[in-house]
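Please open the model in a viewer and keep the sequence panel in sight. The tour below proposes selections one after another and states what each of them contains.

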Amino acid sequence: MIDFMALEKLLTSVVIGLSILNAGYIRADDAPKRPKIDFSTSVANDYVAKPGFIFGSGPVNQTTLNFSFDEVLNKKDSLSFFGWSNYDFTDGKMHEVDIGLNYSKSFDVKGGKASVGMSPQYWFYPSGLIGDFDYAFDVKANYQTKVMDAGFLFRNIFPHGNAPNRQIYHLITSKTFEL
């Protein structure tokens, strides 16, 4: 059953966030850009969720399909629609399918590049292994320099039915090396 109160909160958050990030930058006179299409699929030993727990029982196939549009409201932003799935080869079941929208905006800052983004998402669980569905909303911030990259993800999973409100905080640091 769809929890319309949670869905309303999710959509309201998106509208408010887009309004704040792009006030005064509408590009009505520019021609729309062509979308970029990205497809990836991988096989992994297990699906390990961001909080660290193993999901499912064995080797998995994880597939992503992403349609993205650059310069949607201004020159340094992008909007993408994505789908992601997790299929478990051991039990032969599709455990998770996520769909969502991602908006991000980049900024040139002294010494590097920064970006912020937000992403409302709907996750459903066809196998029923961990429930029926969840509504999630991500807020991201990243900073890239020649020395390293740093990022922060805040994820809110909205309450519905017997599922409580949950939050995940994820700090990311990385270094890219050219070979």
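The tour goes from the whole chain to its sheet, and then to individual residues.

**The whole chain**

Begin with the complete chain, bearing in mind that this is a predicted model. The chain contains one helix and 10 strands. Followed from the N terminus, its elements run α-β-β-β-β-β-β-β-β-β-β. Colouring by accessibility is a useful next step: of the 179 residues, 33% are buried. The chain exposes about 11,300 Å², and carbon and sulfur atoms supply 62% of that area. As for contacts between residues at least 6 apart in sequence, 47% of them join residues at least 24 apart.

**The sheet**

Next, display the strands as a cartoon. Eight strands form an open sheet in the order S1-S4-S5-S6-S7-S8-S9-S10, with antiparallel pairing. Select S1 and strand S10 (166-174) to see the edge strands, each of which pairs on one side only. From one strand to the next, the twist averages 15°. In general, the strands of a sheet pair through backbone hydrogen bonds, either parallel or antiparallel.

**Across S6, S7, S8 and S9**

Select strand S6 (residues 93-109) together with strand S7 (residues 112-124); these run antiparallel and are joined by 11 bridges. Within this pair, Gly 100 stands opposite Gln 121 in S7.

Now add strand S8 (residues 133-144), which runs antiparallel to S7 and is joined to S7 by 12 bridges. Here Ser 119 stands opposite Asp 138 in S8. Keep Asp 138 selected and add strand S9 (residues 149-157): nine bridges join S8 to S9, and the two strands run antiparallel. Which residue of S9 stands opposite Asp 138? The residue to select is Arg 155. S8 and S9 form a hairpin, with four residues between them.

**Glu 96**

Return to strand S6 and select Glu 96, which lies in this strand. Is Glu 96 buried or exposed? Glu 96 counts as buried because its relative accessibility is 5%, and buried means under 20%. Show the surrounding side chains as well. Leaving aside neighbours within four places in sequence, Glu 96 is in contact with Tyr 47, Phe 55, Trp 84, Ser 85, Asn 86, Trp 123, Phe 124, Tyr 125 and Pro 126. A distance label can be drawn to Gly 56: this residue is 40 residues from Glu 96 along the chain, and their C-alpha atoms are separated by 9.9 Å.

**A nonpolar patch on the surface**

Switch to a surface view and select Ile 37, Phe 39, Leu 65, Phe 67 and Phe 81, which form a nonpolar patch with about 500 Å² of accessible area together. Strand S1 (36-44) and strand S4 (60-70) each supply at least two residues of this patch. Within the patch, pick out Ile 37, which is found in strand S1. Ile 37 is exposed, because its relative accessible area is 54% and exposed means over 50%.

**Glu 71**

For the last stop, follow the chain into the loop between S4 and strand S5 (77-88), where Glu 71 lies. Its backbone deserves inspection: phi of Glu 71 is near 55°, a positive value in a residue other than glycine. With a relative accessible area of 23%, Glu 71 is partly exposed.

How values were computed
Residues numbered from 1 in each chain as written. Predicted model: local features only at pLDDT ≥ 70, side-chain atom pairs only at ≥ 80, totals over all residues. Heavy atoms only, no water. Patch = residues over 30% accessible without salt bridge, like charges linked within 9 Å, V, L, I, M, F, W, Y side chains within 5 Å. Areas by Shrake-Rupley, 256 points an atom, 1.4 Å probe, with all protein chains shown as cover. Salt bridge = Lys/Arg side-chain N within 4 Å of Asp/Glu carboxyl O. Buried < 20%, exposed > 50% of the residue type's maximum accessible area, 1.4 Å probe, protein only. Pairing = 2+ DSSP bridges. Axes fitted to C-alpha atoms, helices over the stretch in contact; angles between N-to-C directions. Contact = heavy atoms within 4.5 Å.
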